[in-house]
Amino acid sequence: MQAKSHPMNQPSLFVPLLCGTLAMASWSIGNVLSKAALCCIEPLSLLTGQLAVSAASLTVLSIWSGAPPRLSDWRAGLPGLLQPALASGLSIFGLTMLPASVEAILFAVETPMIILLAWLILGETPNRGVGLLCLLAFAGVGLLSWTSEPDPYATRGLGVGLVLGGVLFASLYSVTVRFDVASDRCAATYDSKPNRRVRSSGMCMDWCSSIADAHANYH
């Protein structure tokens, strides 16, 4: 007798969607608070303080979850040079020259830029529909970023360039992490129970990453 085939258990989407929603809300609130704080705090001091609090919080959370940071894992932190170091550094300096709304609009090109870089670096070829939407996204953000404020000085060229530089490094970070995750999956042995847990966690991480990267399109 043939054994009945059971459909593969699909991971629940509730946790990834919840994480993506919380990431969107956190990013939006943090962006507004950063703009307000820049009136009395130097950009580099503000960024250093924010990153220090983030690192301390993540360290406590990591220890509490039973997976404390290890010095042997330092290579896994190298993508952090792209984001938050370069991406947040450039964008926060650009934020000093731009309204928070314009900076958020400029960050809307992160998703199509990730698609473009994934095509060039990872070989993930988008279909024509996605390519057309990416072109429209670039064109739309370009128009909105230059006409959203009546004041001609609200969108200084240098500020726009700094924020777009931050978007580029943030996109490179996403592609780099995606490449690392794909490499780890290829190297893993798929028969063991621990590795099945790793794959499930990786799928959740992919969902969280894709949703968090796409949230800027909704601002």
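**Entry 1: Asn31**

I began with Asn31, which I located in helix H1. I noted that the model I am reading is a predicted one. Asn31 counts as buried, because its relative accessibility is 11% and the limit for buried is under 20%. I then listed its contacts, leaving aside neighbours within four places in sequence: Asn31 touches Leu95, Ala100, Glu103 and Ala104.

**Entry 2: Leu33**

I next looked up Leu33, which also has its place in helix H1, spanning residues 14-37. Is Leu33 buried or exposed? I recorded it as exposed, because its relative accessibility is 55% and exposed means over 50%. I also checked its separation from Ala100: the two residues are 67 residues apart along the chain, and their C-alpha atoms are separated by 9.5 Å.

**Entry 3: an aromatic pair**

I searched for paired aromatic rings and found a count of one. The pair is Trp27 with Phe107, whose ring centres are 5.9 Å apart. I classed the pair as edge-to-face because the ring planes stand at 65°, and the cut-off for that class is over 60 degrees. Trp27 belongs to helix H1, whereas Phe107 lies in the loop between helix H4 (100-106) and H5. The two residues are 80 residues apart, and I noted that the pair links distant parts of the chain. I compared the two partners for exposure: Trp27 is partly exposed, with a relative accessible area of 24%, while Phe107 counts as buried at 8%.

**Entry 4: helices H2 and H3**

I turned to helix H2 (residues 43-64) and helix H3 (residues 82-95), which pack with their axes 10 Å apart and at an angle of about 140°. That angle makes H2 oblique to H3, because roughly antiparallel would require an angle over 145 degrees. The crossing is right-handed. On the H2 side I found the contact made by Pro43, Leu44, Leu46, Leu47, Gln50 and Leu51. On the H3 side the contributors are Pro84, Ala85, Ser88, Gly89, Ile92 and Phe93.

Pro84 has its place in helix H3, and I looked at the bond before it. The peptide bond from Gln83 to Pro84 is cis, with omega near 15°. I reminded myself that most peptide bonds are trans.

**Entry 5: helix H5 and the residue after it**

Which residues of helix H5 (residues 110-122) are buried? I listed Glu110, Thr111, Pro112, Met113, Ile114, Leu117 and Ala118. In general, residues three or four places apart in an α-helix point the same way, because the helix has 3.6 residues a turn. H5 is followed by Gly123, and I read a positive phi there, near 75°. Most residues other than glycine have a negative phi.

**Entry 6: cysteines**

I checked for disulfides and obtained a count of zero. A disulfide is a covalent bond between the sulfur atoms of two cysteines. I looked up the exposure of two cysteines. Cys19 is partly exposed, with a relative accessible area of 35%, whereas Cys134 is buried, at 11%.

**Entry 7: the whole chain**

I closed with the overall picture. How many helices and strands does the protein chain have? I recorded eight helices and zero strands, and the pattern along the sequence reads α-α-α-α-α-α-α-α. The protein chain has 219 residues, of which 27% count as buried. Among contacts with a separation of 6 or more, 82% come from residues 24 or more positions apart.

How values were computed: Residues numbered from 1 in each chain as written. Predicted model: local features only at pLDDT ≥ 70, side-chain atom pairs only at ≥ 80, totals over all residues. Heavy atoms only, no water. Disulfide = S-S within 2.5 Å. Buried < 20%, exposed > 50% of the residue type's maximum accessible area, 1.4 Å probe, protein only. Helix = DSSP H or I, 4+ residues; strand = E, 2+ residues; numbered from the N terminus. Phe/Tyr/Trp six-rings, centres within 6.5 Å; stacked < 30°, edge-to-face > 60°. Axes fitted to C-alpha atoms, helices over the stretch in contact; angles between N-to-C directions. Parallel < 35°, antiparallel > 145°, perpendicular 65-115°, else oblique. Left-handed = near helix turned anticlockwise from the far one by under 90°. Contact = heavy atoms within 4.5 Å.
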